[in-house]
Amino acid sequence: MSLLALKSESDKARRAQAEKGEESPPKEYVIFPRIDQKTCLKSIYTANLQPIIIEPIHDGDELKTNLPQIEKVMSDEKYKGRILCVLSTTSCFAPRVYDSVAEIAKLCKEHKVGHVINSAYGLQCTRISNDIVNADRVGTVDVIVSSTDKNFMVPVGGSIVYSTTQKLNRDDPKVPRVNMIEKINKLYPGRASSAPIIDLFITYLEMGELNLKALLRERKENFAYLNEQLHELMPKYGERVLETSKNNKISIAATLTALNEKVFMPNNINATFFGSYLFHRRVSGVRVCASSKGALSTVGESKFINYGTHCDDYADLPYFTSAASIGQTKREIDLYVHRLDEAFQHFYQ
């Protein structure tokens, strides 16, 4: 809906220019710093737009925003006036780290390009929230989208669309700015269930401000605790935790390379079986990423190698990810690490 609202306003401005005898190209592209999450790409294609996929930069274990490439695309005459927005991401699975939203916002402001931020998990992380506030202060941020279930522990199905600015029609300062939230409200076809709103409202009333703040503090402490526990466990089996905790405060990745070489490959077992094994022992949420061995994955019209790893050629495959999300307790982390230890013991028997 956010992309459709931006496109609608862009088309409206283009028609107004045409009435004055001024021609301008249609905005048909979205710059998309690669994150392997299908919904983002599907939303671009659904809005009848084309993604310009920007591969991340490898910095140690981290996969970071390729700012020079984004700026290069914005400056390219081929795309001049044709880029609707950048669709950036703040919450993602390690080893991908948060997009540099403040720097992207500056580029968007300089090149008069829109900026939509996918911040699905972001409201539970103070670092992400601060980055978004800073991005809005220094540059262009049109809309932020977050999930209700991932941030407030309500049933799946709701999202929050929010914006602190009215920065549309940036190409023509004489045209009144548009309230993005109001625009999205008017575009929305209606007939959706009110359940997500009621769930969130009831949760707010029960939780209260003090409990919510306490949960946010506890989540931050749990992330550090989970990271510490994994650093203690993984070397025991010849594995290591990928060093991404500086710029990803929710997700943690650890290698499965030794287990893959010693157990899975000799027995012709796909490394993703490790996640299935844990799931059947009541450990949910573990995500195993392995090499696709050259096979392509297709999302819309885009094709990828090693889809799920956020790049074509990550060095430490396979790996698995864990997360410290709101509502988690230290007891649950202890139980998870214990079952993880048991899983390694099982495969090495």
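Start with the second largest pocket of this predicted model, which has a volume of about 810 Å³. Select Ser284, Gly285, Ala323, Ser325 and Gln328: of the 29 residues that line the second largest pocket, these are the closest to its centre.

Next, colour the elements around that point. Helix α11 (330–348) gives the most to the lining of the second largest pocket, with 5 residues. Strand β13 (319–323) and helix α6 also supply at least two residues each. Now colour the lining by class: 13 residues are nonpolar, 10 are polar and 6 are charged.

Move on to the largest pocket, with a volume of about 1,400 Å³. Its lining has 42 residues, and to find the centre, select Val145, Ser146, Ser159, Ile160 and Val161, the closest to that point.

Which element supplies the largest share of this lining? Select α2 (38–46): the share from α2 is 4 residues. Then add the other elements that each supply at least two residues to the lining of the largest pocket. The helices among them are α1 (2–19), α6 (148–152), α7 (180–187) and α8 (195–233). The strands are β6 (114–118), β7 (143–147) and β8 (159–162).

Colour this lining by class as well: 23 residues are nonpolar, 16 are polar and 3 are charged.

For a last stop, return to α6 (148–152). Helix α6 supplies at least two residues of the lining of the largest pocket, and also at least two of the lining of the second largest pocket.

Terms used. Residues numbered from 1 in each chain as written. Predicted model: local features only at pLDDT ≥ 70, side-chain atom pairs only at ≥ 80, totals over all residues. Heavy atoms only, no water. 1 Å grid on protein atoms, 1.4 Å probe; cavity = no way out; pocket = protein on both sides within 12 Å on 5 of 7 lines; lining within 4 Å. Points joined across faces, edges and corners; volume = space filled by probe spheres on them. Nonpolar A, V, L, I, M, F, W, Y, C, P; charged D, E, K, R; others polar.
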